[in-house]
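Colleague: I am new to reading protein models, and I would like a close look at one part of this one. Could you walk me through how its helices pack together?

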Amino acid sequence: MKKVYVIYWSSTGNTQAMAEAIGQGITEAGAEAVVLDVSSADASVLQDETAFALGASAMGAEELDPDMDAFVAEVEAFASGKRIALFGSYDWGDGEWMRTWCERMENAGASIVGGEGLIANLTPDDDAVAACKALGAELAK
């Protein structure tokens, strides 16, 4: 059974809810979902994977949390050729942190699943949860 990692950082639980919905989509598509908070994850588990998801809510002036940023920096070293889904929630701004993150991963040679990051304003609503499940199903392919 294919294993798909979903590694996230969440300040309020909203991005965690998105991660869990992505994991559900992975499972429903017939793969094994491994959903981990970034504090419990080691970037090296992703090195041999062809597809995985990374999630983080926006912090401060629309930026990644320092712990997630350090994790992403490790992933950049081996991101070339990987299919990476990016997701997260925000409360203010216009999603600049996600656009910057997508560009960063594309510059590292990754392909962004869905062509852009998936964002939700605050708590993911039914549409956002459905989009997360669909993203998980796409990763499971």
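Modeller: Happy to help; here is a walk from the whole chain to its helix pairs. Please keep in mind that this is a predicted model.

Let's start with the parts list. The chain has four helices and six strands, and along the sequence they come in the order β-α-β-β-α-β-α-β-β-α. The C-alpha trace spans about 40 × 35 × 30 Å along its principal axes. For 141 residues, a compact globule would have a radius of gyration near 14 Å, and the chain's value of 13 Å agrees with that. Of those 141 residues, 48% are buried. If you take the contacts between residues at least 6 apart in sequence, 79% of them join residues at least 24 apart.

Now for the helices. Where do we find H1 and H4 in the sequence? Helix H1 covers residues 14–28, and helix H4 covers residues 126–140. Their axes come within 7 Å and cross at roughly 45 degrees. Because of that angle, H1 counts as oblique to H4. The crossing of these two helices is right-handed. Which residues make the contact? From H1 come Met18, Ala21, Ile22, Gln24, Gly25, Ile26 and Glu28. From H4 come Val129, Cys132, Lys133, Leu135, Gly136, Ala137, Leu139 and Ala140. Sorted by class, this H1 and H4 contact holds ten nonpolar, three polar and two charged residues.

The other pair to look at is H2 with H3. Helix H2 runs over residues 66–76 and helix H3 over residues 96–107. Their axes are 10 Å apart, and the helices pack at an angle of about 25 degrees. Angles under 35 degrees count as roughly parallel, so H2 and H3 are roughly parallel to each other. H2 passes H3 in a right-handed crossing. On the H2 side, the contact is made by Met68, Asp69, Val72, Ala73, Val75 and Glu76. On the H3 side, Trp101, Arg104 and Met105 take part. How do the residues of this contact divide by class? The contact of H2 with H3 has six nonpolar residues, three charged ones and no polar ones.

To put the two pairs next to each other as you turn the model: H1 is oblique to H4, because their axes cross at roughly 45 degrees, while H2 and H3 are roughly parallel. The H1 and H4 crossing is right-handed, and H2 also passes H3 in a right-handed crossing.

Notes
Residues numbered from 1 in each chain as written. Predicted model: local features only at pLDDT ≥ 70, side-chain atom pairs only at ≥ 80, totals over all residues. Heavy atoms only, no water. Axes fitted to C-alpha atoms, helices over the stretch in contact; angles between N-to-C directions. Parallel < 35°, antiparallel > 145°, perpendicular 65-115°, else oblique. Left-handed = near helix turned anticlockwise from the far one by under 90°. Contact = heavy atoms within 4.5 Å. Nonpolar A, V, L, I, M, F, W, Y, C, P; charged D, E, K, R; others polar. Rg over C-alpha atoms; globule rule 2.2 N^0.38 Å. Buried < 20%, exposed > 50% of the residue type's maximum accessible area, 1.4 Å probe, protein only.
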